Amino acid sequence: ERWLKSTRNKRLVLRVDVESSARLMTDLGRRLLARSLATLLDNASQHATRRDGPIEFHIREVPTEGSHVLLDAYDDGGVWSIADATSLCQPLAKGRKNAASAGLGLFNARRSLEAIGGSLTFRERKDAPGAYAIRLEIPRA
């Protein structure tokens with residue numbers, strides 16, 4: 001909600017379905033998680049180019065047990081053209097559509113999550129072959 005208010009974004013509709021025990025005990029941890037999520041939303045907003053309306057960006061919790069909460073973040077924009085999904089979290093890496101920025105957003109989001117003991121990876125979606133979801137792992141409280 002804070003990101004939507006701060007950007008006044010009209011090209012992205014955000015849905016969040018998360019009910020987890022991912023609680024970060026420090027202000028720094030909360031800021032790093034917020035930075036990672038804002039970066040993902042900025043990235044999705046930058047690439048949201050649909051003529052018939054805004055892109056819907058969905059963050060949902062993946063039911064699981066263990067030491068980490070799993071979240072999948074994805075849009076309804078269709079199949080992505082990704083030659084190597086693992087390279088997208090490296091500095092200056094871009095997808096096949098040239099972005100206006102240098103390609104540091106996903107790298108910075110991954111580094112922020114790693115600083116709190118989490119991770120950010122890409123995986124192909126089971127419900128939409130050829131489309132990818134961003135998987136976030138956040139330490140469970």
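**Sheet, core and salt bridges of the predicted model**

Strands β1 and β2 pair in the parallel sense, and 6 bridges connect them. Within this pairing, V13 is placed opposite E56 of β2. The model described here is a predicted one, and its local features are reported where pLDDT is at least 70.

The two strands belong to an open sheet of 5 strands, in which the pairing is mixed and the order reads β1-β2-β3-β5-β4. The edges are occupied by β1 (12-17) and β4, each of which has a single partner strand, so that one side of each is left without a neighbour in the sheet. On average, and with direction ignored, neighbouring strands of the sheet are turned by 20° against each other. Helix α3 packs on this sheet through contacts with β4 and β5, and the direction of the helix makes about 125° with that of β4.

The antiparallel part of the sheet includes the pairing of β3 with β5, which rests on 6 bridges, and here L70 is found opposite E137 of β5. Strands β4 and β5 likewise run antiparallel and are joined by 6 bridges, with R123 standing opposite A133 of β5. Strand β5 itself is mostly covered, given that 7 of its 8 residues are buried.

The largest nonpolar core of the model comprises 23 residues, and those with the most contacts inside it are L12, L40, F57, L113, L120, I134 and L136. At least two residues of this core are supplied by each of α2 (27-47), β2 (55-62), β3 (68-75), α3 (105-115), β4 (119-124) and β5 (132-139). The greatest contribution comes from α2, which gives 5 residues to the core.

For helix α3, the buried residues are L106, F107, A109, R110, S112 and L113. When neighbours within four places in sequence are left aside, L113 is in contact with L33, S36, G118, S119, L120, L136 and I138. The helix is followed by G117, a residue whose phi is positive, near 90°. Contacts with residues of α3 are also made by T39, a residue found in helix α2; with residues up to four places away in sequence not counted, T39 touches G105, L106 and A109. T39 counts as buried because its relative accessibility is 15%, the limit for this class being under 20%.

Charged side chains were examined next. Side chains of opposite charge can pair when their charged atoms come close. A search of the whole structure finds 8 salt bridges, among them one in which the side chains of R15 and D17 meet at 3.3 Å, N to O. R15 counts as partly exposed, with a relative accessibility of 36%, and D17 is also partly exposed, its relative accessible area being 39%.

A second salt bridge brings together the side chains of R123 and D72, with an N to O distance of 2.4 Å. Because R123 lies in strand β4 and D72 in strand β3, the pair ties together parts that are 51 residues apart in sequence. The two partners fall into separate accessibility classes: R123 is partly exposed, with a relative accessible area of 23%, whereas D72, with a relative accessible area of 0%, is buried.

Within helix α3, the side chains of E114 and R111 meet in a further salt bridge, at 4.0 Å from N to O. E114 and R111 are 3 residues apart in this helix, and therefore about one helical turn separates them. E114 counts as partly exposed at a relative accessibility of 38%, and R111 counts as partly exposed at 47%. Beyond these individual pairs, R60, D72, R123 and R135 are joined into one network by salt bridges that share partners.

How values were computed: Residues numbered from 1 in each chain as written. Predicted model: local features only at pLDDT ≥ 70, side-chain atom pairs only at ≥ 80, totals over all residues. Heavy atoms only, no water. Core = buried A, V, L, I, M, F, W, Y, C linked by side-chain atoms within 4.5 Å. Buried < 20%, exposed > 50% of the residue type's maximum accessible area, 1.4 Å probe, protein only. Helix = DSSP H or I, 4+ residues; strand = E, 2+ residues; numbered from the N terminus. Contact = heavy atoms within 4.5 Å. Pairing = 2+ DSSP bridges. Axes fitted to C-alpha atoms, helices over the stretch in contact; angles between N-to-C directions.
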